[in-house]
Amino acid sequence: MNRKKALAVSIVLTTTIASVGLSCNQPSPTTPPAAPAAPSAAPGSSAAAAAPQDAGPREYEGPWVGATVLHAPVWSEMEWPGDRKGDKDSKSVLLGYLRYGEKAPVLAEPHKKANCPEGWYELVSGGFVCGKLVTLDMNHPRFRMAKAPDLDASLPYTYGANVANGTPLYRQLPSREERKLGEPWLFKPRKVKADDDTAPMPTASGAIPAADASPVVAANDDPDADVPWWEKDLTDGGPPPVTLEDLQESGGPISRRMVKGFFLSLDHDFVANGARWWKTVSGLSAPADRILVAKPLTEFHGVWLGKDAATFATKDGDPIRIDKLPVAFVLHGSKRWTLTEDRKHVSVAEGVLNRFEALGLTGEVTRVAGIEYWETDQGFWLRSIDATRTEPGPVPDKLGENEKWIDVNLHRQTLVAFEGTTPVFATIFSSGRNEHETSPGSFRIKAKHISATMDGDPDADLSSDGPYSIEDVPYIQYFNAGYALHGAFWHAAFGSVKSHGCVNLAPWDARALFSWTEPALPEGWHAVFATKDSPGTRVIVHERAPGTCAGPSIKPIACP
């Protein structure tokens with residue numbers, strides 16, 4: 001059964017809050033002061049130079065509040081859900097959450113109540129957080145457990161790929177004896193020849209039994225019955241037959257083990273007990289020899305329309321300005337073409353096209369020898385088999401004059417962001433493949449997370465899929481149950497289907513759209529949820545992706 005870990009209910013469960021349903025409510029009657037506005041003129045501009053040095057709003061200097069837990073919920077009222085049992089008109093709404101390492105502007109004096117003896121802190125941006133989950137001390141060890149995400153980079157954290165089955169994640173650093181048990185491969189036990197009947201065999205823990213130890217025979221005579229899953233030979237080369245639950249361990253220093261291909265979010269590396277380690281953002285320790293630091297496979301990004309030099313710079317193509325739709329994105333290296341005046345013959349034009357190059361199109365289309373060609377605004381022609389192009393659907397009903405919305409064309413694998421009827425941004429993505437087809441429909445963004453873990457087990461109908469886990473998937477925006485827009489650094493197949501149902505974006509695009517959409521993420525928050533009074537940006541998904549099934553047949557949806 002597939003799982004999802006970034007929904008509001010799981011956030012509540014990670015704290016000491018009781019798990020109950022959430023519903024919408026009127027905003028708190030207490031109106032917090034507005035956050036300080038950013039200066040209207042950039043430093044060095046003529047307006048800034050002309051203004052007195054002490055004019056304009058000052059940069060916020062504190063106080064700050066920081067979370068001491070992985071998820072510190074922000075509520076609309078100074079109440080936990082269910083505090084007012086039987087009161088249908090007054091329930092606290094979950095607005096978002098803070099994470100350790102991140103600090104948010106706050107009013108310093110807490111409001112002490114019986115349901116939070118430490119006091120409720122009112123955030124400058126609105127909402128309340130209980131004092132038992134946060135601190136005003138920016139040197140508190142729990143607050144400093146992990147660095148704040150880097151919101152200026154394409155990815156908020158450093159990421160690492162697990163390179164082998166069975167890698168342990170330790171709750172605390174293990175002793176040498178604990179490592180012998182947890183990582184027997186490090187000590188290289190002698191391999192016994194097949195005809196050596198007298199040599200003692202290592203146990204599952206890696207220890208060699210005493211010479212007089214009695215042999216243990218499994219009831220079913222299976223020689224691998226007591227062999228851990230990570231030590232078994234997978235003759236078919238497929239994923240190990242385990243689930244996420246099978247990977248959990250208790251009663252020792254190991255929290256869980258990993259399957260090859262799992263990704264971790266990494267906070268910092270260090271050396272201890274004669275070995276190098278990675279401390280994860282969640283606070284666990286991983287042996288560095290089994291972790292490969294993962295970089296984005298491409299720096300590709302889409303294009304903001306009407307901006308100079310806004311396209312992605314390729315090997316042979318400089319950034320250009322594109323003012324209007326349609327926009328084409330080259331999917332693989334190809335040629336430029338020239339057509340004769342009667343458009344019956346083609347020839348190769350000067351110059352080449354690189355993968356991910358963006359081009360403005362005139363809208364002129366012709367067909368020569370069965371191949372469709374698109375005219376670019378630079379005068380040459382482009383073969384349709386070498387690229388994709390934007391084809392947004394109709395404007396949604398009851399659209400506000402400058403209302404933001406996102407068009408997702410599954411057939412073209414193109415995304416266009418609009419403000420009212422004006423397109424402002426265009427890019428390509430990867431949607432769900434095969435049975436994981438992304439569902440079409442009209443939706444709104446429900447929740448935005450700077451990052452959250454996505455994992456899942458293999459489905460019974462998909463024997464080739466093993467369990468997966470990616471910690472802190474970047475810039476997630478849920479719009480339909482488990483479907484989300486989010487960044488993907490583990491592949492670069494943008495422009496073709498690839499995912500488990502989500503709309504995978506290049507990291508820079510995911511970051512850009514996350515900042516552009518509603519609801520806006522308040523300063524210092526790790527996640528924000530849409531409410532009745534602050535609905536999320538519309539997401540219109542239409543058409544069908546190439547090569548997908550009649551699905552979606554996999555429920556619940558599995559990402560990424």
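## Burial, sheets and ring contacts in a predicted model

At 1% relative accessibility, aspartate 386 counts as buried, because the limit for that class is under 20% relative accessible area. The model discussed here is predicted. Aspartate 386 is found in the loop that runs between β22 (381-383) and β23 (387-389). Leaving aside neighbours within four places in sequence, aspartate 386 is in contact with Val330, Leu331, His332 and Ser334.

**Overall composition**

The protein has 560 residues, of which 48% count as buried. Its secondary structure consists of four helices and 33 strands. Among contacts with a separation of 6 or more, residues 24 or more positions apart account for 66%. The exposed area of the protein is about 27500 Å², and carbon and sulfur atoms supply 52% of that area.

**Two further loop residues**

Serine 430 lies in the loop between β26 (422-428) and β27 (441-444). Is serine 430 buried or exposed? With a relative accessibility of 0%, serine 430 counts as buried. A polar atom of its side chain lies 2.8 Å from the backbone oxygen of serine 496. Not counting residues up to four places away in sequence, serine 430 touches Gln413, His491, Ala493, Phe494, Gly495, Ser496, Lys498, Ser499, Cys502, Val503 and Asn504.

Glutamate 245 is placed in the loop between α3 (176-182) and β11 (254-258). At 67% relative accessibility, glutamate 245 counts as exposed, since the threshold for that class is over 50%. Glutamate 245 and aspartate 457 are 212 residues apart in sequence, yet their C-alpha atoms are 9.0 Å apart in space.

**Strands and sheets**

Strands of a sheet pair through backbone hydrogen bonds, in either a parallel or an antiparallel sense. In this model, six strands form an open sheet with mixed pairing, in the order β16-β26-β25-β24-β33-β27. The edge strands are β16 (303-304) and β27, each of which pairs on one side only. Strand β27 is joined by four bridges to strand β33 (residues 538-542), and the two run antiparallel. Across this pairing, phenylalanine 443 stands opposite valine 539 in β33.

Strand β2 (residues 72-75) is covered on both faces: Ala72 and Val74 on one side, and Pro73 and Trp75 on the other, are all buried. Four bridges connect β2 to strand β3 (residues 94-98), again with an antiparallel course. Valine 74 of this pairing stands opposite glycine 96 in β3.

**Helix α4**

How many of the 10 residues of helix α4 (residues 507-516) are buried? Seven are, and the helix is accordingly mostly covered. The buried positions in α4 are Pro507, Asp509, Ala510, Ala512, Leu513, Phe514 and Trp516.

**Aromatic rings and charges over rings**

The model contains 18 aromatic pairs. One of them joins tryptophan 75 and tryptophan 80 in an edge-to-face arrangement, 6.5 Å centre to centre with 80° between the planes. Both of these tryptophans are buried.

Why is the pair of tyrosine 170 and tryptophan 277 classed as edge-to-face? The ring centres are 5.8 Å apart and the planes stand at 80°, so the pair falls into that class, for which the planes must be over 60 degrees apart. This pair links distant parts of the chain: tyrosine 170 belongs to strand β10 (residues 167-170) and tryptophan 277 to strand β13 (residues 275-280), 107 residues apart. Tyrosine 170 and tryptophan 277 are both buried.

Ring pairs also link Tyr159, Phe263, Phe489 and Trp490 into a cluster.

Two charged side chains lie over the faces of tryptophan rings, as tabulated below.

| Charged residue | Ring | Distance from the ring centre |
|---|---|---|
| Lysine 103 | Tryptophan 64 | 4.6 Å |
| Arginine 290 | Tryptophan 185 | 3.9 Å |

**Summary**

Among the loop residues described, aspartate 386 is buried, as is serine 430, whereas glutamate 245 is exposed. Tryptophan 75 lies in a strand covered on both faces and is also a member of an edge-to-face pair with tryptophan 80. Strand β27 is an edge strand of the open sheet, and the loop between β26 and β27 holds serine 430.

Key
Residues numbered from 1 in each chain as written. Predicted model: local features only at pLDDT ≥ 70, side-chain atom pairs only at ≥ 80, totals over all residues. Heavy atoms only, no water. Phe/Tyr/Trp six-rings, centres within 6.5 Å; stacked < 30°, edge-to-face > 60°. Buried < 20%, exposed > 50% of the residue type's maximum accessible area, 1.4 Å probe, protein only. Lys NZ or Arg CZ within 6 Å of the ring centre and 35° of its normal. Polar contact = N/O pair within 3.5 Å; in protein donor to acceptor, adjacent residues only side chain to side chain. Contact = heavy atoms within 4.5 Å. Pairing = 2+ DSSP bridges. Areas by Shrake-Rupley, 256 points an atom, 1.4 Å probe, with all protein chains shown as cover.
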